[in-house]
Amino acid sequence: MDRGKKPTSIGIGGSIPQPTVNINDNGTVDAKLPSGESVTVHLFGATVISWKLANGAEQLFVSSKAILDGSKAIRGGIPVVFPVFGPPPPNHATSSLPQHGFARSSNWEFLGKSSSESLGNKADTTVKLDFGLSSSMITEEFRKAWPYEFGLVYSVTLSPDNLETSLQVQNKGSESFDFHVLLHNYFKVPDVSKIAVTNLQDKVYIDKVDNKKEKNETNKEISITGETDRVYLDVDPTAPVAVIENGQPLFTITRKELNTVTVWNPWAENAKKMSDFGDEEYKGMVCVEPGAVKSWSVLEGGDAWEVEDEGLPTPPLLEAENEEYDQVVPDNLDNGTDNNALGQNGNGLILNGDNDNNNGTGTGPDPEPEEKEKPISWSQLPKKTQLLILVLARLSEPLTQTSLQAYLFYQLKSFDPSLPDSAISRQAGIFQGSFTAAQFLTSVWWGRAADSHWVGRKRVLLVGLFGTLISCVGFGFSRSFTAAIIFRILGGLMNSNVGVMRTMISEIIIEKKYASSLKLDRDQRANDGRYQSRAFLLLPMCFNVGVIIGPSLGGFLAEPVTSFPGIFGPGSFLGGKDGVWWMRHWPYAFPNLVSAVFILSAWAGIFFGLEETHESLRYQPDWGRTMGSAIARRFKRNQGYRYRRLDDDERSVFLEDDDDVVPASAATTSHPETLPVKRNKPSWKQLLTRNVILTLLTHSLLAMHTSAFNAMTFVFLPTPRAPEDSRRGFFHFNGGLGLTTQQVGIATSVIGLIGLPLQLFVYPRVQFRLGTLKSLRSFLPLSPLAYILMPFLVLIPRGAQFLIWPSFSFVVALQVLSRTFVLPAAIILVNNSVSDPSVLGTVHGVAQSISSGARTLGPFLGGLGLSLGLSHNIIGAVWWALAVEALLGWLVSWSIFEGEGIQRKKKVVPEEEALLNSESEEERR
Ligand SMILES: O=P(O)(O)OC[C@H]1O[C@H](O)[C@H](O)[C@@H](O)[C@@H]1O
């Protein structure tokens, strides 16, 4: 290959020995660490052709007959297989391509290197070489055979102990394409008959040397005793596959999300048939090839990607975890010229992780995207089925809670008809408060459990919903206030689902961000706020929907014998002589049973369909989902090899193996064995940093005044108007708005109706434009403004009664606008203040606990304040106190900063914010 400039060895400055990188005349790039390890990559195929340890020992096999002049794929090293593995199937977009595609037979560009040696510590030193291939760089022949617009970025990272390879695939066109990917590692072994491949036991494999039969691997150690060509399927990406000799690992292959592993040795007869393979060389090699080849990965233009094969998805590729430095992807990767990093930049190397956009100027960080992208649409959210399950689960709760509000008064009254209305109201207050108070006590511990290795998010949700179920049925069949309150408290104690759901949505959306890094860096950066502003609205929307339909549902279904005499009453078809007996006996059980059915469906959705998102539990077998997939498959016909784009919903429904799910993949080849490390959990002290505490404080002050506002509004509205002459001065006045029950009902709908469209259509744009913290700081002050104005509504003269509704709506709109924009932002800030995924659930648990406390206290203090105000002719006092509290929260918000969130820690994409759900709807109550 003819390269433009051929530099000599380039060090990376400083007195400490640094890695060196050479670009050689023969079309290879090599890198060497100060400690002696080295790697050589041939630009033809970006094939790693040598990996040596510090003592000079070669680790990779390359045939002595390998052809290195670019006329044939290199026999050995690590060829990159894309976009098809094996012989392409007939009647498929890849069918005119050669075996294993074109990536291994194309000339790649060297994009540059980055290194980490900032600590000056030998052990930390690594060097990463990046290579690029795009549609305009492949031959005309390949382009004809596979006419898609694509970009590949392949990174090879050398560390003292291991070699890591990772690949990004991007679809740069508008049409989707199918692809396979595989890293065809040829390992050099002393004697193939003495080695074995481990960690594939019990896996199903396709035996290519036995008519592609599917077989089950029974051996713990797979010896190579003859021609071997097996594709192992659904291999847990977290369990490293190893090549061992005498029980000791020679190589450990740690994969990230690549869930097939091919084991190949041609053996004697085939070796003879291959022109570029020595007859006896099969004895000194074994191929262990991680890939995603079980089914096609589908990559849409942009970042949508799905794949289907018997309903099972496999991931597209993306980059490795070990992103210690910025990935540099030149804009001109696709321009078809040979202006690689070297030719353009003189020394061409990117030092110390500095960004370099490779456009000849070498000027620092990536520029901001020139065109501001639009917020993404609902349909672009990833993993819709997963989100839908969470949404249904979330919806089942406010639906249950608010539906009982419609008849709570009457049910309480039915327990003891002799009680006066005031006592019933008190009971209702205790009833509501007991739930949030119980939640306050347990949320942190549920959050802890959700983070722990022995429980996890999914189980906490299942327990929580089960608790809600028991609580709701128990309440429906209660015959005394004590029984009712016990069930209510039980519900609160067992249910901490909101915090866990926030955590899960956050983690689901993080996966989307992994997926989105299939695109170039700058696109990824523009993306995150957009997904964020959508996803975190899902949970509060459920609340609004629940609030709108819950009360009517409850009112409709309560006392069915009298409400529907024709169906359940005496003499009816179902009712028999006296009406349905249990409905007569427990007149409020029916709406609760209907709620129970809803909760049960949500429970089943979670059990059968929801993926665990806990970082270490996600790959463990999940009985529920395995059963769910089996059930789903029964309803789905096998569509054979007819590929089509699946939408996210379908894709998620048929998930069977978690390893299929995460759209990230990379292969790491290690020597000697390196296994995942279990991290220690941070202590409370480490967890509760200043920023986390202040963010939680902002959040709880917010929860307090919004919940107090709601409770107070619904007392304030029906409170009779004070006599006209009771007003003294500017502050001393009294009374409420004197609205009827029906009008209060309308007011509830007004609030719901203002909130929902704001959430759906306006908030994502505002959040996208302003960012999270700025949205919070800009819109929070509207709340105190509303609180200041609210009491003045009573001063509207009776003669101008028609002004009540517009004025009330205006004030409420201010508050709804404020909380709609501020509460989700507060939850995002809480989420982003956490940088360690192992405590995300705990912090959301703490947040939920504090907000439950605030929601217990807020309405209580608000109610108390209102009655004091009424008795002292200063109804405004408590509203203004509320305004002061809200302003305090606003001041605190100036002391916080938006944290990096968990995925920054993973360094997948620089400058990404943690995505997260939010909601916070409960605080509205
Ligand atoms: O000869 P190549 O095209 O390089 O393929 C070499 C081998 O690659 C993989 O391991 C496949 O499973 C084999 O079936 C194939 O023979």
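The following exercises, each with a worked solution, concern a predicted model.

**Exercise 1.** Determine in which order the 4 strands of the open sheet are arranged, and which of them stand at the edges.

*Solution.* Begin with the order, which reads β1-β2-β3-β4, with antiparallel pairing. Next, consider the ends of that order: β1 (20–23) and β4 (47–52) each have a single partner strand, so one side of each lacks a neighbour in the sheet, and these two are the edge strands. Finally, as to the twist, neighbouring strands of this sheet are turned against each other by 15 degrees on average, when direction is ignored.

**Exercise 2.** Describe how β3 is paired with β4, and find the residue of β4 that stands opposite S38.

*Solution.* Strand β3, which covers residues 38–42, pairs with β4 in the antiparallel sense, and the pairing runs over 5 bridges. Within β4, the residue opposite S38 is K52.

**Exercise 3.** List the residues around the ligand, sort them by character, and state which strands each supply at least two of them.

*Solution.* The shell consists of G86, Q99, H100, K208, D229, T262, W264, C287 and E289. Sorted by character, these residues comprise 2 nonpolar, 4 polar and 3 charged. Turning to the strands, at least two shell residues come from β19 (260–265), and at least two from β20 (285–299).

**Exercise 4.** Identify which members of the largest nonpolar core touch the most other members, and which helix gives the core its largest share.

*Solution.* Among the 113 residues of this core, the members with the most contacts to other members are I505, I606, V822 and A826. Helix α23 (residues 804–832) contributes the largest share, namely 14 residues. A second core, separate from this one, has 86 residues, among them V21, I23, F131 and L258.

Notes: Residues are numbered from 1 along each chain as its sequence is written. This is a predicted model: local features need pLDDT of at least 70, side-chain atom pairs count only at pLDDT 80 or more; totals for chains, interfaces and linings use all residues. Two strands pair if DSSP finds at least two bridges between them. Axes are lines fitted to C-alpha atoms, for helices over the stretch in contact, and angles run from 0 to 180 degrees between N-to-C directions. A residue is near a molecule or strand if its C-beta atom, placed from the backbone, lies within 6 Å of it. Ala, Val, Leu, Ile, Met, Phe, Trp, Tyr, Cys and Pro count as nonpolar, Asp, Glu, Lys and Arg as charged, and the others, Gly among them, as polar. A nonpolar core is a set of buried Ala, Val, Leu, Ile, Met, Phe, Trp, Tyr and Cys residues joined through C-beta atoms within 7 Å. A residue is buried if 20 or more other C-beta atoms lie within 10 Å of its own, exposed if 12 or fewer, and partly exposed in between; C-beta atoms are placed from the backbone.
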